[in-house]
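The following exercises concern pockets and aromatic rings in one structure. Work through each task before reading its solution.

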Amino acid sequence: MSLNLSADQVLSTTRAVRKRLDLTRPVPRHLIEECVDVATQAPTGRNRQRWHFVVVTDQAQRAAVADIYRRAVHLAQGTPLTSHDLYRMNAHGSWPRIAGGLEYLYNHIHQVPAIVIPAVEGRTDRASVAEQAGTWGSILPAAWSFMLAARARGLGTVWTTAQAPLERELAHTLDVPHNQIMLAALIPLAFTLGTDFRPAQRIPRDQVLHWNNW
């Protein structure tokens, strides 16, 4: 399935999809494989290609992952919000919708037909900034490419990191060698209810674009 979107349309309409995930329709394996093929064309540090994608479709495994996700949500502690953060989050009245989406996903995560966990060889637990940049820079572009490829095929995704507090338990559940592999995110994947996603309202360009200096 292809939506025949232009590159700019895919890039500007790939939204964080929670409430509009179709929980009743399985995602064919071949579509997920196509998205991984696109993802592994992303740039990667020194062409080391340390990326991996763990796809969970088995009902029992999804239930186990969903349980870890829910418990981890209550343990997650994000960076304290600044006044600028709060302004941007509420600039267009979007936070209530986001909060509603978070609650919906929390309640329905076990029903999502596929959960994709991008992973990377190497850990950054005690790494320098340079090591962190190299490692994360070798999985984030691939994961985002996966999400863009999914959008082009009528699939919805949302980047979540709520599993992070229980990453070791998640790795154990999925037979991932935790001391060698870092689980970067937990991405629900499903067909979307409708495909009419639009560009989001963002803060003005002049607040984020800097020429030659800050």
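**Exercise 1.** State the volume of the largest pocket and describe its lining.

*Solution.* Step 1: in this predicted model, the largest pocket has a volume of about 1100 Å³. A pocket is, on a 1 Å grid over the protein atoms alone, an open set of points where a 1.4 Å probe fits, with protein on both sides within 12 Å along at least five of seven lines; lining residues have an atom within 4 Å of a point. The volume is the space filled by probe spheres set on the points, which are joined across faces, edges and corners.

Step 2: the lining comprises 26 residues, and Arg15, Ala16, Arg97, Ile98 and Ala200 are the closest to the centre.

Step 3: helix 5 (95-108) and helix 7 (140-152) each give two or more residues to this lining. Helices (H or I, at least four residues) and strands (E, at least two) are DSSP runs numbered from the N terminus.

**Exercise 2.** Classify the one aromatic pair.

*Solution.* Step 1: rings of Phe, Tyr and Trp (its six-membered ring) pair if their centres lie within 6.5 Å; planes under 30 degrees apart count as stacked, over 60 as edge-to-face and the rest as tilted.

Step 2: the ring centres of Phe53 and Phe146 are 5.8 Å apart and the planes stand at 20 degrees, so the pair is stacked.

Step 3: Phe53 belongs to strand 1 (residues 51-56) and Phe146 to helix 7, 93 residues apart. Both Phe53 and Phe146 are buried (under 20% relative accessible area, 1.4 Å probe, protein chains only).

**Conventions.** Residues are numbered from 1 along each chain as its sequence is written. Local features need pLDDT of at least 70, side-chain atom pairs count only at pLDDT 80 or more, totals for chains, interfaces and linings use all residues, and side-chain values use heavy atoms, without hydrogens and water.

Methods: Buried < 20%, exposed > 50% of the residue type's maximum accessible area, 1.4 Å probe, protein only.
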